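This report goes through selected side-chain and strand features of one protein chain. Please keep the sequence and the coordinates at hand while reading.

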Amino acid sequence: MAEAAFMIRPIEPRDDASMAAIIRTVMPEFGAVGSGFAIGDPEVDWMSRAYAQPRCAYFVVERDGVVLGGGGVAPLAGGDGDTCELRKMYFLPQARGHGAGTAMMQRCLQAARDFGFRQCYLETLHGMDAAMKLYERSGFRRIDKPMGDTGHGGCNTFYLLSL
């Protein structure tokens with residue numbers, strides 16, 4: 001029997017608890033806990049509200065009505081108006097390796113272009129190898145230092161993409 005297809009759609013308030021649980025499950029898997037990581041951001045508990053702001057979008061990926069991950073874009077805090085940040089893109093293990101990340105990346109980057117951003121920044125950390133391969137396949141180039149003021153001092157790898 002074929003595996004059910006993934007669906008990517010904008011986040012809704014009913015997804016907030018699922019996404020908070022996913023973020024709090026996936027980040028520790030890669031050692032991203034404590035201060036300086038997105039796991040501590042207040043918006044983790046109310047992603048639908050946080051991304052309802054201008055020039056922001058957050059999407060969830062679901063299969064059979066179950067949310068398995070998400071990702072979004074928002075203006076880069078402390079950046080210029082031309083730069084957005086790819087934010088909080090995390091997937092449970094059952095969504096990995098099936099094209100959900102590539103599809104989510106395309107959806108997020110199209111939203112960024114639609115909002116008029118000229119470049120997209122992201123930050124991650126060593127050990128998130130599959131994610132870094134996705135970023136590089138998507139055209140992101142590694143840069144030497146962080147941009148903006150994200151508050152995520154725990155991240156140690158930075159990327160930028162011209163849209």
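The sections below treat aromatic rings, a loop glutamate and a strand with its partners.

## Basis

The model is predicted. Residue numbers start from 1 along the chain as its sequence is written.

## Aromatic pairs

A pair of aromatic rings is described by the distance of the centres and the angle of the planes. Over the whole structure, the search returns 4 aromatic pairs. One of them joins Tyr 51 and Tyr 58, with 5.0 Å centre to centre and 50° between the planes. This pair is classed as tilted because 50° falls neither under 30 degrees nor over 60.

Tyr 51 has a relative accessibility of 6% and therefore counts as buried, the cut-off being under 20%. Tyr 58 is also buried, at 2%. Elsewhere, Tyr 135, Phe 140 and Tyr 159 make up one aromatic cluster.

## Arginines over rings

Two arginines are placed over aromatic faces. Arg 49 lies over the face of Trp 46, 4.3 Å from the ring centre. Arg 55 lies over the face of Phe 117, where the value is 3.8 Å from the ring centre.

## Glu 43 in its loop

Glu 43 sits in the loop between helix H1 (16-29) and helix H2 (47-50). Is Glu 43 buried or exposed? Its relative accessible area is 12%, so Glu 43 is buried.

The side chain of Glu 43 makes a polar contact of 2.9 Å with the side chain of Tyr 51, the tyrosine that also forms the tilted pair with Tyr 58. With neighbours within four places in sequence left aside, Glu 43 is in contact with Ala 50, Tyr 51, Arg 87 and Lys 88.

## Strand S2 and its partners

Strand S2 covers residues 57-63, and 7 of its 7 residues are buried. Both faces are covered. On one side the buried residues are Ala 57, Phe 59, Val 61 and Arg 63; on the other they are Tyr 58, Val 60 and Glu 62.

Strand S1 (residues 7-10) runs antiparallel to S2 and is joined to S2 by 4 bridges. Here Arg 9 stands opposite Val 60 of S2. Strand S3 (residues 66-75) also pairs with S2 in the antiparallel sense, over 7 bridges. Within that pairing, Ala 57 has Val 73 in S3 as its bridge partner. The hairpin of S2 and S3 has 2 residues between the strands, and Asp 64 takes a positive phi near 55° there.

Conventions: This is a predicted model: local features need pLDDT of at least 70, side-chain atom pairs count only at pLDDT 80 or more; totals for chains, interfaces and linings use all residues. Side-chain values use heavy atoms; hydrogens and water are left out. Rings of Phe, Tyr and Trp (its six-membered ring) pair if their centres lie within 6.5 Å; planes under 30 degrees apart count as stacked, over 60 as edge-to-face and the rest as tilted. Buried means under 20% relative accessible area, exposed over 50%, partly exposed in between (1.4 Å probe, protein chains only). A charge sits over a ring if NZ of Lys or CZ of Arg is within 6 Å of the ring centre and within 35 degrees of the ring normal. A polar contact is a pair of N or O atoms within 3.5 Å; within protein, one must be able to donate a hydrogen and the other to accept it, and residues adjacent in sequence count only if both atoms are side-chain atoms. Contact means heavy atoms within 4.5 Å. Two strands pair if DSSP finds at least two bridges between them.
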